[in-house]
Amino acid sequence: MARMEPVGIHEVDDDIRHVCEEAERQTGTSVSPRTYAKNPSAFKALSAFRAALVREGTLEPVLRELVRLKIDALNACRY
């Protein structure tokens with residue numbers, strides 16, 4: 001059970017909604033971004049940080065995905 005309820009998709013700021021919709025398309029859920037959307041300024045800062053990591057990170061995409069899968073497995077997350 002979630003500790004915080006995510007914001008409803010139609011309650012999310014318009015400039016954040018596209019991120020939630022893309023998450024739905026890619027993973028089948030947008031619970032995580034909709035939870036971060038409770039604080040739009042923090043959401044935007046986190047998004048900028050993640051984009052910088054993707055642009056300037058040194059991990060190969062395949063290794064990055066394996067790390068995500070391992071983290072999800074360790075935390076019993078659905079990915």
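Tutor: Let's start with a term: a salt bridge is a side-chain nitrogen of Lys or Arg within 4 Å of a carboxyl oxygen of Asp or Glu. Arg-68 and Glu-65 meet that description, with an N to O distance of 3.1 Å between their side chains. Keep in mind that you are looking at a predicted model.

Student: What is the general idea behind such a pair?

Tutor: Side chains of opposite charge can pair when their charged atoms come close. In this model the count comes to 4 salt bridges.

Student: Where do Arg-68 and Glu-65 lie, and how many residues apart are they?

Tutor: Both belong to helix α4, which covers residues 61–74, and they are 3 residues apart, about one turn of the helix.

Student: Why does a spacing of three places suit a pair in a helix?

Tutor: An α-helix has 3.6 residues a turn, so residues three or four places apart point the same way. Helix α1 has its own examples. Arg-17 and Asp-14 sit 3 residues apart in helix α1 (residues 14–27), and their closest N and O atoms are 2.8 Å apart in a salt bridge. Glu-22 and Arg-25 form another salt bridge, at 2.5 Å from N to O; they too are 3 residues apart in α1, about one helical turn.

Student: Are the partners in these pairs buried or exposed?

Tutor: Let's take them pair by pair. Arg-17 is buried, at 18% relative accessible area, because buried means under 20%. Its partner Asp-14 is exposed, at 61%. In the next pair, Glu-22 is partly exposed at 31%, while Arg-25 is exposed at 61%. Over in α4, Arg-68 is partly exposed with 38% relative accessibility, and Glu-65 is partly exposed with 28%.

Student: How do I read a whole helix, such as α1?

Tutor: Begin with its length. Helix α1 has 14 residues and reaches 20 Å from its first C-alpha to its last, close to the 20 Å expected at 1.5 Å a residue. Then look at which residues are covered: Ile-16, Arg-17, Cys-20 and Ala-23 are buried in α1. These buried residues cover an arc of only 120° around the axis, which puts them on the same side of α1.

Student: What do the buried residues of α1 pack against, and which residues are exposed on the other side?

Tutor: The buried residues pack against α2 and α3 (40–56). On the other side of α1 you will find Asp-14, Arg-25 and Gln-26, which are exposed.

Student: Which residue follows α1, and what is its phi?

Tutor: Gly-28 follows the helix, and its phi is positive, near 90°. A little further along is Ser-30, in the loop between α1 and α2 (31–36).

Student: Is Ser-30 buried or exposed, and what does its side chain contact?

Tutor: Ser-30 is buried, at 0% relative accessibility. Its side chain makes a polar contact of 2.9 Å with the side chain of Glu-24. Setting aside neighbours within four places in sequence, Ser-30 is in contact with Ile-9, Cys-20, Ala-23 and Glu-24.

Student: What about the segment before α1? Which residue could I look at there?

Tutor: Try Val-12, which lies in that segment. Val-12 is buried, with 4% relative accessibility. Leaving out neighbours within four places in sequence, the contacts of Val-12 are Val-7, Arg-17, Cys-20, Arg-34 and Ala-37. Arg-17 appears here again, and you have already met it as the partner of Asp-14 in a salt bridge.

Student: How do I compare separation along the chain with separation in space?

Tutor: Count residues for one and use C-alpha atoms for the other. Val-12 and Val-31 are 19 residues apart along the chain, and their C-alpha atoms are separated by 12 Å. For Val-67 and Gln-26, the values are 41 residues in sequence and 17 Å from C-alpha to C-alpha. Val-67 lies in helix α4 and is partly exposed, at 36% relative accessible area.

Student: Now let me step back. How many helices and strands are there in the protein?

Tutor: There are 4 helices and 0 strands. The C-alpha trace spans about 35 × 30 × 20 Å along its principal axes. Of the 79 residues, 16% are buried. Finally, the accessible surface comes to about 6300 Å², and 58% of that belongs to carbon and sulfur atoms.

Definitions and conventions
Residues are numbered from 1 along each chain as its sequence is written. This is a predicted model: local features need pLDDT of at least 70, side-chain atom pairs count only at pLDDT 80 or more; totals for chains, interfaces and linings use all residues. Side-chain values use heavy atoms; hydrogens and water are left out. Helices (H or I, at least four residues) and strands (E, at least two) are DSSP runs, numbered from the N terminus. Buried means under 20% relative accessible area, exposed over 50%, partly exposed in between (1.4 Å probe, protein chains only). A polar contact is a pair of N or O atoms within 3.5 Å; within protein, one must be able to donate a hydrogen and the other to accept it, and residues adjacent in sequence count only if both atoms are side-chain atoms. Contact means heavy atoms within 4.5 Å. The expected span of a helix is 1.5 Å times one less than its number of residues. The arc is that of the directions from the helix axis to the C-beta atoms. Accessible areas come from the Shrake-Rupley method with a 1.4 Å probe; for residues, only the protein chains shown count as cover.
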